[in-house]
Amino acid sequence: MPNINSIKNKENKMLEKTMGHFLPITLEEVKRLGWEQVDVVLVTGDAYVDHPSFGTAVIGRTLEAAGYRVAIIPQPNWRDDLRDFRKFGRPRLFFGVTSGAMDSMVNHYTAARRLRHDDAYTPGGQFGFRPDRATYVYTRILKQIYPDVPVIIAGIEASMRRLAHYDYWDDKLFPSILIDTPADLLNYGMGERTTLKIARVLDEGRGIEACYGLPQVAYTMGSDGEVKGTNVIELHSFEECQMSKRAEAENYQIIERESNKIECATLVQRHGDRLVVVNPPEPPMTTEEIDASFDLPYMRLPHPKYKKRGPIPAFEMIRWSVNTHRGCFGGCSFCTISAHQGKQIASRSEESILNEVNLITQDPEFHGVLTDLGGPSANMWRMKGKNQELCRKCTRYSCSMPTMCKNLDSDHRAMSLLLKKVATHPKVKHLYVGSGIRCDLFTEGNGGWQYFREVVLHHTSGRLKVAPEHTSEKVLKTMRKPSFTLFEETKRRFDEICKQAGLRYQLIPYFISSHPGCRLQDMAELAVKMKHMGYRLEQIQDFTPTPMTLSTEMYYTGIDPTTMEPVYVARHPNEKQQQRQMFFFYKRECQPQIRQSLHNAHLDRYIKPLGLDFKSK
């Protein structure tokens with residue numbers, strides 16, 4: 001029978017070999033480092049993966065590089081005696097809280113509000129290791145145990161809920177997360193620089209209120225307080241928005257306009273006897289700053305403690321990929337990227353990217369395949385305004401919609417060159433582009449279609465995914481997506497490239513049903529078009545309203561905040577299901593229901609084109 005103590009000692013020695021470079025997640029690790037007290041404790045709903053694609057690791061390494069002692073509490077148990085929250089004791093400066101890389105409600109529930117059974121950010125993909133509304137739960141627990149220690153909330157859940165917002169899962173308007181939680185401060189967006197400034201202010205003993213003047217933070221104050229700043233906009237109050245959906249739509253119009261600007265106003269919203277104040281963001285990161293973030297000494301692995309629990313799916317998905325930039329100027333109605341990462345593109349240097357490729361290829365488990373070289377969109381690296389002074393005054397929601405901005409430098413040639421440099425690395429056998437490609441950025445003079453040709457011929461595994469999202473021009477307009485004719489042109493070129501090269505590759509379109517503005521008729525026309533083009537759809541999604549997007553505001557208010565005109569919304573679960581079913585017109589088991597839905601909606605004219613005319617059989 002094996003000696004239990006000797007096995008334990010062996011495991012501890014193995015951990016000691018690898019642990020030196022991971023941020024500590026256990027008290028034993030903290031003691032091994034000789035720390036008497038931790039400066040900052042980060043609490044997250046995700047497992048701890050020490051990699052630049054995981055926000056907690058980025059913030060932790062940024063603070064560590066500045067000389068702070070950082071510990072992490074990943075996925076604490078919130079149901080027991082709360083010992084996980086107590087294990088490091090009182091931090092010297094603050095607790096940082098995040099739900100993780102996703103909003104916890106999106107992580108937990110489908111578009112039909114059904115509970116998911118897995119979690120990509122947990123070892124083994126196991127469900128149940130974080131609560132609903134994780135940021136809210138963690139913050140309340142910490143304030144209950146340590147009432148006088150500052151709690152800073154951040155990450156996508158806090159960032160997108162910084163002002164009054166519609167919550168799809170409770171189907172009602174929620175106040176700012178700062179009203180519903182006892183958090184002292186909210187750090188929105190990509191927060192490395194602001195987090196570091198907060199730590200320095202608190203380290204100087206100046207107290208949390210001294211952080212109220214920092215960029216990219218939100219906080220609360222009494223309704224009789226004075227908001228500092230030369231450009232302050234007061235939004236409709238939370239109570240006004242509860243009473244009037246038009247007021248909520250007007251608020252969103254202002255919020256989006258300001259978030260699209262480089263130099264924007266301070267936003268203020270009353271909630272009863274409190275004011276929620278949102279300061280303007282930091283300027284866009286420079287190449288040197290984003291390089292410094294990506295070049296921190298990450299272990300690029302999950303913490304060894306998880307080894308027996310199985311792989312972490314989200315890590316496995318990005319393990320062999322390289323992120324080239326942050327931000328997106330696409331302006332899609334349903335996307336949170338520009339609201340969280342910013343509209344301006346922050347691009348890494350070629351040197352930093354190639355250094356990361358070198359690091360990846362040195363991993364003994366790397367077998368020569370890089371799964372992606374891209375970012376929020378594959379082809380926005382290095383893109384920015386030619387005249388930055390014009391960009392400073394710009395309020396457009398997108399640089400590419402409804403038309404390409406004349407000030408945008410959309411040259412793709414540097415990206416094509418980067419692909420070649422990475423692909424010719426001696427240890428790289430295959431380089432794929434897995435991020436979504438924005439075909440609306442292609443023009444004949446900017447090397448876009450040449451880049452596309454390069455990707456099709458050399459950097460796809462045989463199935464290239466693009467996202468036209470819909471076929472209806474009316475629906476695409478509410479989505480802020482280009483005309484479907486662009487997809488048709490893209491497919492024509494794709495097929496031509498494949499034919500010339502003798503390749504049997506597929507171009508896979510991605511579509512959304514039940515988006516505001518979309519009716520059953522629009523989905524029927526989409527189905528007819530797909531049947532005519534020979535597609536059996538796989539990449540599909542039913543629209544899920546998530547906080548702080550234009551699409552969500554349209555879903556809640558029934559108003560397009562851009563025009564303040566009414567917009568049709570499919571809200572009833574039956575109607576949403578009917579729209580979604582249209583994707584599966586080719587499945588025999590779905591055809592009777594589709595036929596009945598079309599008949600009930602007086603859309604019989606689509607039955608025959610879809611091959612559903614059973615009477616003649």
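**Largest cavity.** Select Q216, P281, E282, Q341 and G342: of the 34 residues that line the largest cavity in this predicted model, these lie nearest its centre. The space inside amounts to about 510 Å³. To see which secondary structure takes part, colour α11 (245–259) and α14 (337–341), each of which supplies at least two residues of this lining. Helix α14 gives the most, with four residues. Recolour the lining by residue class and the division is 17 nonpolar, ten polar and seven charged. Over the whole structure, the search finds five cavities of 30 Å³ or more.

**Second largest cavity.** Next select Y252, E256, C335, S338 and A339, the residues nearest the centre of the second largest cavity, whose lining has 16 residues. Keep α11 and α14 coloured, since these are the elements that give two or more residues to this lining as well. Here the largest share comes from α11, with four residues. The volume is about 140 Å³. By class, the lining divides into eight nonpolar, six polar and two charged residues.

**Helix α3.** Move to residues 55–65, which form helix α3. Is this helix mostly covered or mostly open? It is mostly covered, with eight of its eleven residues buried. The buried ones to select are T56, A57, V58, I59, G60, R61, T62 and L63. After the helix, stop at G67, where phi is positive, near 100°.

**Aromatic pairs.** Show the rings of Phe, Tyr and Trp; the search of the whole structure finds 18 aromatic pairs. Start with Y212 and Y219, a stacked pair with 4.1 Å from centre to centre and 5° between the planes. Y219 has a relative accessibility of 6%, under the 20% cut-off, and therefore counts as buried.

Then select F442 and F452. Why is this pair called tilted? The ring centres are 5.9 Å apart and the planes meet at 55°, so the pair falls between the stacked limit of under 30 degrees and the edge-to-face limit of over 60. The pair links distant parts of the chain: F442 sits in the loop between β21 (430–431) and α18 (448–458), while F452 belongs to helix α18, and the two are ten residues apart. Both rings' residues can be checked for accessibility: F442 is buried at a relative accessible area of 8%, and F452 is buried at 0%.

For a group of rings, select Y166, Y168, W169, F543, Y555 and Y556 together. Ring pairs link these residues into a cluster.

**Arginines over rings.** Two further stops place a charged side chain against an aromatic face. Select R162 with Y188: the arginine lies over the face of the tyrosine, at 4.2 Å from the ring centre. Then select R480 with Y397, where R480 lies over the face of Y397 at 3.7 Å from the ring centre.

**Return to the start.** To close, bring back both cavity linings and look at the two helices again. Which helix gives the most to the lining of the largest cavity? That is α14, with four residues. Which helix gives the largest share of the lining of the second largest cavity? That is α11, also with four residues.

Terms used
Residues numbered from 1 in each chain as written. Predicted model: local features only at pLDDT ≥ 70, side-chain atom pairs only at ≥ 80, totals over all residues. Heavy atoms only, no water. 1 Å grid on protein atoms, 1.4 Å probe; cavity = no way out; pocket = protein on both sides within 12 Å on 5 of 7 lines; lining within 4 Å. Points joined across faces, edges and corners; volume = space filled by probe spheres on them. Nonpolar A, V, L, I, M, F, W, Y, C, P; charged D, E, K, R; others polar. Buried < 20%, exposed > 50% of the residue type's maximum accessible area, 1.4 Å probe, protein only. Phe/Tyr/Trp six-rings, centres within 6.5 Å; stacked < 30°, edge-to-face > 60°. Lys NZ or Arg CZ within 6 Å of the ring centre and 35° of its normal.
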